[in-house]
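I opened this entry to look up charged pairs first and nonpolar cores after that. My notes follow in the order I took them.

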Amino acid sequence: MGKGEQVKSVRFYGETAYVVTFRQTDPLYALDLSDSENPVILSELKIPGFSTYLQKFGEDMLFGFGYDADENTGWRKGLKLSMFDISDAKNTCEKHTLLLDENTYFSDDVLKAVVVDATRNLIMFPYRTYGNETIYDETANTTYTVYTEKLVYAAYLYGENGFELLGEAVYTDDFISKLRGIRIGDYIYVFTFGGKEGTVAESYNLNDFTLIDSLE
């Protein structure tokens with residue numbers, strides 16, 4: 001399977017394995033491993049882009065986190081969220097997708113940084129975004145353009161209508177090396193490491209992602 005392509009992510013659930021390969025499109029394979037000497041491809045789903053991380057979401061869904069890509073050239077675009085219906089391994093399908101801006105990328109340990117909490121329909125992850133920003137100088141009464149790069153911690157909800165942004169925490173401190181988050185009860189805690197202020201812990205309301213408190 002996937003001749004000439006690269007394996008991007010794998011998840012095993014019981015006697016079924018889900019494998020993502022990539023060259024120009026993103027085939028998601030479902031494999032039957034009940035006979036270890038004769039694995040069988042149950043289905044193959046071809047979609048644009050690829051998932052670098054797969055995580056089961058409830059009983060019949062599989063969450064994929066990765067990138068969109070040009071179907072003709074394979075050129076990588078911005079980040080992509082996917083939710084796959086795996087209720088029938090012989091007929092897997094992509095139920096919902098969300099494409100972030102093309103100027104977004106992920107530069108962290110995805111296994112440690114992405115939080116998938118199906119009990120609260122919650123998905124959280126950090127990412128980086130870059131681009132030109134127009135700034136107005138009131139003193140000089142003029143505008144100018146600067147290149148900016150931001151580190152963002154995003155929280156999304158997933159439901160019948162797909163992915164919905166709950167909230168984001170945006171950081172411009174160039175010294176921040178990584179972000180981590182966790183949900184405890186009705187609160188989300190976001191930690192920044194390596195910034196000018198050292199390690200900072202922030203608490204957010206789970207209902208609307210409003211900032212409650214910050215501790216350096």
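**Salt bridges**

I began with Glu-44, which pairs with Lys-46 in a salt bridge; their closest N and O atoms lie 3.8 Å apart. I reminded myself that the model is predicted.

Next I looked up how open each partner is. Glu-44 has 42% relative accessibility, so I noted it as partly exposed. Lys-46 comes out at 56%, so it counts as exposed. The cut-off for exposed is over 50%.

I then asked how many salt bridges there are by this rule. The count is 5.

I moved on to Asp-117. It forms a salt bridge with Arg-183, and the closest N and O atoms are 2.6 Å apart. This pair links distant parts of the chain, with the two positions 66 residues apart. Asp-117 sits in strand E10 (residues 115-117), while Arg-183 belongs to strand E14 (residues 178-184).

Is Asp-117 buried or exposed? I found a relative accessible area of 13%, so Asp-117 is buried. The limit for buried is under 20%. Arg-183 is at 22% relative accessibility and therefore counts as partly exposed.

My next pair was Glu-133 and Lys-150. Their side chains meet in a salt bridge at 3.7 Å, N to O. Here too the pair links distant parts of the chain, 17 residues apart. I placed Glu-133 in strand E11 (residues 122-137) and Lys-150 in strand E12 (residues 142-159).

I checked accessibility for both. Glu-133 is partly exposed at 30% relative accessibility. Lys-150 is also partly exposed, with a relative accessible area of 27%.

**Nonpolar cores**

I turned to the cores. Which residues touch the most other members of the largest nonpolar core? I found Phe-65 and Phe-125, in a core of 36 residues. Strand E6 (residues 61-69) gives the largest share of this core, 6 residues.

I followed Phe-125 further and left aside its neighbours within four places in sequence. Its contacts include Phe-65, Leu-81 and Leu-100. I also listed Ala-113 and Val-114. Val-152, Tyr-153, Ala-154 and Tyr-156 are in contact with Phe-125 as well.

I noted a second core, separate from the largest one. It has 16 residues. Among them are Leu-166, Tyr-171, Leu-179 and Val-190.

Technical notes: Residues numbered from 1 in each chain as written. Predicted model: local features only at pLDDT ≥ 70, side-chain atom pairs only at ≥ 80, totals over all residues. Heavy atoms only, no water. Salt bridge = Lys/Arg side-chain N within 4 Å of Asp/Glu carboxyl O. Buried < 20%, exposed > 50% of the residue type's maximum accessible area, 1.4 Å probe, protein only. Helix = DSSP H or I, 4+ residues; strand = E, 2+ residues; numbered from the N terminus. Core = buried A, V, L, I, M, F, W, Y, C linked by side-chain atoms within 4.5 Å. Contact = heavy atoms within 4.5 Å.
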